[in-house]
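Q: I would like to learn how to read side-chain contacts, strand pairing and cores from a set of coordinates. Could we work through one example, feature by feature?

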Amino acid sequence: QVQLVESGGGLVQAGGSLRLSCAASGRTFSTYGMGWFRQAPGKEREFVAAMTRSGSSTYYRNSVRGRFTVSRDNAKNTVYLQMNSLRPEDTAVYYCAASSTVGTSDHLYDYWGQGTQVTVSS
């Protein structure tokens, strides 16, 4: 069992930056691939970024590649999402998730955080 708690969301102007954190409970964090997803009002949840257990590979949706960076610190049981050059269309609730594998489909992920709101004003 893994419990995930996101933090770091907030209100930012377009062009600004935020760093989301996701703290995981348990001693098996390093055995999970980690992903970030987001859901805007009235829209389906969508993949944002993911990282393998070791951190050797990362994956991004096209619209955030080059602006967002996913990273993890297995010693701190934490995964991060650094978001730069934010746009109003990035506004959503952001969720972190843990998977025994890693991928872009939310069906692969077994554990989810409660989400943190990110609002980007124009």
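Q: Which contact joins the side chains of R38 and E46?
A: In this predicted model, a polar contact of 2.6 Å joins the R38 and E46 side chains. The side chain of R38 also has a polar contact with that of D90, at 3.0 Å.

Q: Where does R38 lie, and is R38 buried or exposed?
A: R38 belongs to strand β4. The relative accessible area of R38 is 5%, so R38 counts as buried.

Q: How many salt bridges are there in total?
A: A salt bridge requires a side-chain nitrogen of Lys or Arg within 4 Å of a carboxyl oxygen of Asp or Glu. The count by this rule is 5 salt bridges.

Q: Which residue forms a salt bridge with R67?
A: The partner is D90, and the closest N and O atoms of R67 and D90 are 2.8 Å apart. R67 sits in the loop between β6 and β7 while D90 sits in the loop between β8 (78-83) and β9, so the salt bridge ties together parts that are 23 residues apart in sequence.

Q: Are R67 and D90 buried or exposed?
A: The cut-off for buried is under 20% relative accessible area. R67 has 9% and is therefore buried. D90, at 1% relative accessibility, is buried as well. Shared partners then extend the picture: salt bridges join R38, E46, R61, R67 and D90 into one network.

Q: What does E46 form with R61?
A: E46 and R61 form a salt bridge in which the closest N and O atoms are 3.5 Å apart. This pair links distant parts of the chain, with E46 in strand β5 and R61 in the loop between β6 (58-60) and β7 (68-73), 15 residues apart.

Q: What is the relative accessible area of E46, and what is that of R61?
A: The value for E46 is 26%, so E46 is partly exposed. R61 has 25% and is also partly exposed.

Q: Which side chain meets R45 in a salt bridge?
A: That of D106, with an N to O distance of 3.2 Å. R45 lies in the loop between β4 (33-39) and β5 (46-51), and D106 in the loop between β9 (92-99) and β10 (111-112), so the pair ties together parts that are 61 residues apart in sequence. R45 has a relative accessible area of 34% and is therefore partly exposed.

Q: How should I read strand pairing, and what is the sense in which β4 and β9 pair?
A: Look at the direction of the two strands and the bridges between them. β4 and β9 pair in the antiparallel sense over 7 bridges. Within this pairing, F37 has Y95 in β9 as its bridge partner.

Q: How many bridges join β4 to β5?
A: There are 5 bridges between β4 and β5, and these strands run antiparallel. The bridge partner of G35 in β5 is A50. β4 and β5 form a hairpin with 6 residues between them, and G42 in the turn has a positive phi of about 75 degrees.

Q: How many of the residues of β4 are buried?
A: In β4, 6 of its 7 residues are buried, so by the cut-off of under 20% the strand is mostly covered.

Q: How many disulfides does a search of the whole structure find?
A: The search finds 1 disulfide. C22 and C96 form it, with their sulfur atoms 1.9 Å apart. The disulfide links distant parts of the chain: C22 is in strand β3 (residues 18-24) and C96 in strand β9, 74 residues apart. Both cysteines, C22 and C96, are buried.

Q: What is the torsion about the S-S bond of C22 and C96?
A: The torsion is about 50 degrees, so the disulfide is right-handed.

Q: Which residues touch the most other members of the largest nonpolar core?
A: In soluble globular proteins, nonpolar side chains tend to be buried together. Here the largest nonpolar core has 29 residues, of which W36, L81, M83 and Y94 touch the most other members. The elements giving two or more residues to this core are β3, β4, β5, β7, β8, β9 and β11 (116-121).

Q: Which residues is M83 in contact with, leaving aside neighbours within four places in sequence?
A: Among them are L18, L20, F68, Y94 and V118. A second, separate core has 6 residues, including F37, A50, A97 and Y109.

Definitions and conventions
Residues are numbered from 1 along each chain as its sequence is written. This is a predicted model: local features need pLDDT of at least 70, side-chain atom pairs count only at pLDDT 80 or more; totals for chains, interfaces and linings use all residues. Side-chain values use heavy atoms; hydrogens and water are left out. Helices (H or I, at least four residues) and strands (E, at least two) are DSSP runs, numbered from the N terminus. Buried means under 20% relative accessible area, exposed over 50%, partly exposed in between (1.4 Å probe, protein chains only). Two strands pair if DSSP finds at least two bridges between them. A disulfide is a pair of cysteine sulfur atoms within 2.5 Å. A polar contact is a pair of N or O atoms within 3.5 Å; within protein, one must be able to donate a hydrogen and the other to accept it, and residues adjacent in sequence count only if both atoms are side-chain atoms. A nonpolar core is a set of buried Ala, Val, Leu, Ile, Met, Phe, Trp, Tyr and Cys residues joined through side-chain atoms within 4.5 Å. Contact means heavy atoms within 4.5 Å.
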